[in-house]
Amino acid sequence: MMAAVTVVIAGQRNLFAVVILGGIYSFLMATVLVALDAVDVAMTEASVGAGISTVLFLGALHLSKSEEMKPLHKPFLPLLVAIATGAALVYGTLGLPAFSDPDAPIHRHVAPRYINDGPRETGVPNVVTAVLASYRGFDTLGEVTVVFTAGIGVIALLRRLRGRGKGERS
Amino acid sequence: MKDYLVLRVVSKLLISLMILFGLYVQFHGDFGPGGGFQAGVIIAAAIIFYGIIYGLPAARAVVPSGLVEIMIASGVLIYAGVGVAGLLLGGNYLDYFVLDRDPVAGQHRGIFWVEIGVLITVAGVMLKIFYMFAGRGGDNRDDA
């Protein structure tokens, strides 16, 4: 189903349809993440990917034309690069341990400590929250700073453009 | 979209529920899925929804642009401030154990304030980006 949505997105020239299909793709992705027991990530994907970014794309679409331009070049070179990258990634997954293998390296490093000691040390039953906010507090601080920087960047870029636009009009 | 009666009524019902759900996701994040990022996005989405239905000026009247900018900065400051509070109470930076006499309660308190900081920054940035994008369309944005 996700593959079908992707193919339709690639073939679609109407950007409005592309935005809506992108939202649908995000919701499908969220259901996949729920199936993988990553409920926190699924919630983020549904709210950010399907919700906010769809609205922002629509806002951007309102400012521009809603039909994609005809491509200037033949798409074969990008297609080749995409297929080569995809093949390399698929080849890489062959080296990964089997799905839900308890002896995989990722399950033997710090994960047992988080799962076994996390609820006792932090009193928080949700391990994701415990890791995110407590054990990996510095990382999350960095993430918040990244979000903050993105916001500042948008303000810096768009506010100047808006001021210039007003100057031209008057 | 101000003229559509159904949208107006339904949005009034939904927006309160959305904000309530955002707060639930925020404060129940310790026990179920969710946390500051998700709650911030949900609350920002509620206000963006309001802005889409009633027009950008109405949304700006509810949450002024200046307040949003203060939110963006203060969230990071709250997060970093929790770390500094840990330092002042004799722990390491972002060490929550020292925030209360009981280490587990201290953890709870630290995570709570950190998540509040995340919520405020994320909601502020999302709203600010929406305001900036929507505001560029000029006056005809209201009917979009």
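This text walks through the contact between two chains, then a nonpolar core, then one exposed residue. The model is predicted.

Start where the chains meet. On one side, 47 residues of chain B take part, and they are in contact with 39 residues of chain A. Together the two chains bury about 4000 Å² between them. Carbon and sulfur atoms account for 76% of that area. Within chain B, the residues that lose the most area to chain A are Met132(B), Phe133(B) and Arg136(B). Together they make up 16% of what the chain B side buries.

What kinds of polar links cross this interface? The rule finds 0 salt bridges between chain B and chain A. Polar contacts do occur: the count is 3 residue pairs, with both residues at pLDDT 80 or more.

Now look at which parts of chain B do the touching. Four helices each give two or more residues to this side: α1 (5-27), α2 (36-54), α4 (65-88) and α5 (103-136) of chain B. The largest share comes from α5(B), with 17 residues. By type, the chain B side divides into 31 nonpolar, 9 polar and 7 charged residues.

Next comes the interior. In soluble globular proteins, nonpolar side chains tend to be buried together. Here the largest nonpolar core has 47 residues. Which of them touch the most other members? They are Tyr79(B), Tyr96(B), Val122(B), Leu127(B), Phe130(B) and Tyr131(B). The core draws on both chains. Chain A supplies at least two residues from each of α3 (39-63) and α7 (137-169). Chain B does likewise from each of α2, α3 (56-62), α4 and α5. Once again α5(B) stands out, giving the most to this core, with 16 residues.

Take Leu127(B) as a close-up. Set aside its neighbours within four places in sequence. Leu127(B) is then in contact with Ala44(B), Ile47(B), Ile48(B), Val63(B) and Val68(B). Of these, Ala44(B), Ile47(B) and Ile48(B) fall within the span of α2 (36-54) of chain B.

Finally, turn to Phe138(A), in helix α7 of chain A. Is Phe138(A) buried or exposed? Its relative accessible area is 51%, and the cut-off for exposed is over 50%, so Phe138(A) counts as exposed. Phe138(A) still has partners across the chains: leaving aside neighbours within four places in sequence, it is in contact with Tyr93(B) and Leu94(B). Within chain A, Phe138(A) and Thr31(A) are 107 residues apart in sequence. In space they are 30 Å apart, C-alpha to C-alpha.

Notes:
Residues numbered from 1 in each chain as written. Chains lettered and ligands numbered in written order. Predicted model: local features only at pLDDT ≥ 70, side-chain atom pairs only at ≥ 80, totals over all residues. Heavy atoms only, no water. Contact = heavy atoms within 4.5 Å. Buried area = accessible area lost by both parts, 1.4 Å probe. Salt bridge = Lys/Arg side-chain N within 4 Å of Asp/Glu carboxyl O. Polar contact = N/O pair within 3.5 Å; in protein donor to acceptor, adjacent residues only side chain to side chain. Nonpolar A, V, L, I, M, F, W, Y, C, P; charged D, E, K, R; others polar. Core = buried A, V, L, I, M, F, W, Y, C linked by side-chain atoms within 4.5 Å. Buried < 20%, exposed > 50% of the residue type's maximum accessible area, 1.4 Å probe, protein only.
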